[in-house]
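Got your viewer ready? Keep the selection box handy, and we'll go from stop to stop.

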Amino acid sequence: LVFERNPVPVAIIAVQNEHEWTCGSETLADGYLREINRLFRESGLNVPTINANNLWQGAEGEIDCWSGDIDMFAMLRELSTARPNQPRIVIDFGQPKPPRIGEPEPERSTVRLAQRRLVETLAAGGQFCFAPFMAAQNPGFWGGTEAIDESNIYGADTDTDAPLDVAGAPGRLFHAYRAVATFARSFGRVLAGLEVHQRRVTLDPSPALRDGSPLTGYALEHLQGQQGSVAYVFAEAGLPENADAGTARIMLPDGQSLPVPLGKQSAAWVLFGAHLGGRTELDYSTLCAIGVAGQCFVCYGPAGAVGAVSINGTPIDVVVPKGRAPEVVQHESCTIVCLNEQSMPETFLGDNAVFVGVAGIDRDGEPVPLGPGKSYCIVHGSGEHAGEIESVSVRKSELDDTPSAVTTGPWAHGPADDYLDGSSPRYASIDRPLPLTELGSPYGYGWYRLEFKSGASRKVKIAAPGSGDRLLLAL
């Protein structure tokens, strides 16, 4: 299904049946999920149906997906064994249990470990969807669950570790994820053509092995396909966040040994046999490939490291720059644009240019400067200036778009007298306490008004079990 919405058409490529839904009765679960699928089809949805139940329950014909971010390499191998004819989709890649207001903050993975788990997903031939991609707040008391104990006052879930924060700014994991996601998007044809069903015996790349011992040494997983191949290299687990993972060496079938510098990353990837456009073929790159912009091949690695790149049968050593400026090398019919780990977060690929030292690219394909006085450079990927570097200085006047002061009118409040004295026409009599959702108020405040007789000297106790988020009492 394709819905035309100005200015970009929106396409529905799959629809999910329930979300992390489990049931103790297999018969009831099958009937329930089948009924939802029937409603999908009767509504005209003819796209694939997926679920997110980790093989717990599903309806016939659905694609079983996975949720979580722990032991992704092993989990997706097991998924492919149980469902050999289905794609390996991690529909919820992210924190398995979000923090809740009133509870201690759960232990969060390091940036290094989070990126490693994402690379594990690709190394197992999987695809991923971030959940959530952007953190959210819960306005109007929308989000919330019953309080478990006195320490959990509100019980509302919060998304504090999403790639984007609540304001849309990059979070601590954004750029680590973006490097992997940009590679996967740019070379999607290579990844789609990999023979992922040929599961070879390999070293377990998971940071902690099943017996609890840490991984020592390097691990490698090589996936081959018709459009190229990828070797995923994993560093020793347990290294501190900023420790250098060193350089691994891989050996090609012809006996050639190549260095793979990892730097502060715990995982890297070596791309083989990929078509870059025109008559340009990438034989291999031991620097992490990011993508192609026009005639530019973009890769990155640790500052000062030496990577090996071969294009159209001609190898060349590329030294990763130590500063923010990229290393630009003309080689064969291609422009190699090499970045270091520090400048990678400030690098974005356009259709025909590489922008280095920017905050992003807007919807028109124009670079977004980091701020006034912050220069950036453009590496042109096509046209008469292909391969040339253009330096751009940003003046303060170009970014002087500070909005004018916001003026507000006098504050007003909605009177609550009619709710307090019971004269509001919105009141309706009920014979027993009911949840607000059953009374037509799915969010926000609801008013309960109670009348009871009591002697002046007697005490009255009011209990509100399962009251959810909060109660305000007016006497």
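What follows is a walk through a predicted model, one selection at a time.

**Stop 1: a salt bridge inside a helix**

Select helix 1, residues 26-42. Show the side chains of R38 and E42, which both sit in this helix, four residues apart, or about one turn. In an α-helix there are 3.6 residues a turn, so residues three or four places apart point the same way. Here R38 and E42 make a salt bridge, with 2.6 Å between the closest N and O atoms. How covered are the two ends? R38 is partly exposed, at 36% relative accessible area, while E42 is exposed, at 57%.

While you have charged side chains on display, add D30, R34 and E60: these are linked in a network of salt bridges. The total count of salt bridges comes to eleven.

**Stop 2: a buried pair across the sequence**

Now pick R117 and D69. Their closest N and O atoms are 3.8 Å apart, and the two form a salt bridge. R117 is in helix 3 (residues 111-123), and D69 is in the loop between strand 6 (66-67) and helix 2 (72-82), so this pair ties together parts that are 48 residues apart in sequence. Buried or exposed, for R117? Buried, with a relative accessible area of 13%. D69 is buried as well, at 7%; the cut-off for that label is under 20%.

**Stop 3: another link between loops**

Next, select R108 and D161, a salt bridge with its closest N and O atoms 3.4 Å apart. This one links distant parts of the chain, 53 residues apart: R108 comes from the loop between strand 7 (89-93) and helix 3, and D161 from the loop between strand 8 (127-130) and helix 4. R108 is partly exposed, with 36% relative accessibility, whereas D161 is buried, at 13%.

Stay in the loop between strand 8 and helix 4, where you'll also find A135. A135 is buried, with a relative accessible area of 9%. Draw a distance from its C-alpha to that of A167: the two are 8.3 Å apart in space, although 32 residues separate A135 and A167 in sequence.

**Stop 4: helix 4**

Select residues 174-186, which make up helix 4. Does the length come out as expected or not? At 1.5 Å a residue, its 13 residues should span 18 Å, and the end C-alpha atoms are 17 Å apart, which agrees. Turn on the side chains and look for the buried ones: F174, A176, Y177, R178, A179, V180, T182, F183 and A184. Note that R178 is on that buried list, along with nonpolar residues such as F174 and V180.

**Stop 5: a four-strand sheet**

Switch to cartoon view for the open sheet of four strands, ordered 15-16-20-19, with mixed pairing. Which strands stand at the edges? Strand 15 (288-293) and strand 19 (327-331) do; each has a single partner strand, so one side of each is left without a neighbour in the sheet. Neighbouring strands are turned by 25° against each other on average, ignoring direction.

Zoom in on the middle of the order, where strand 16 (residues 296-301) and strand 20 (residues 334-340) pair in the parallel sense over six bridges. To find one of the contacts, select Y300 and its bridge partner in strand 20, L339.

**Stop 6: strand 22 and its neighbours**

Select strand 22, residues 353-356. A353 and F355 point one way, V354 and V356 the other, and all are buried.

Then add strand 21, residues 347-349: three bridges join it to strand 22, and the two run antiparallel. The connection is a hairpin through three residues. For a landmark, L349 has V354 as its bridge partner in strand 22.

Finally, bring in strand 25 (residues 376-380), which pairs with strand 22 in the antiparallel sense over four bridges. Here the bridge partner of F355 is I378.

**Stop 7: a nonpolar patch on the surface**

For the last stop, switch to surface view and select L450, F452, V460, I462, L473 and L475. Together these make a nonpolar surface patch of about 750 Å². To pick out one member, take I462, located in the segment after helix 6 (417-420). I462 counts as exposed, with 52% relative accessibility.

Key:
Residues numbered from 1 in each chain as written. Predicted model: local features only at pLDDT ≥ 70, side-chain atom pairs only at ≥ 80, totals over all residues. Heavy atoms only, no water. Patch = residues over 30% accessible without salt bridge, like charges linked within 9 Å, V, L, I, M, F, W, Y side chains within 5 Å. Areas by Shrake-Rupley, 256 points an atom, 1.4 Å probe, with all protein chains shown as cover. Salt bridge = Lys/Arg side-chain N within 4 Å of Asp/Glu carboxyl O. Buried < 20%, exposed > 50% of the residue type's maximum accessible area, 1.4 Å probe, protein only. Expected span 1.5 Å × (residues − 1). Pairing = 2+ DSSP bridges. Axes fitted to C-alpha atoms, helices over the stretch in contact; angles between N-to-C directions.
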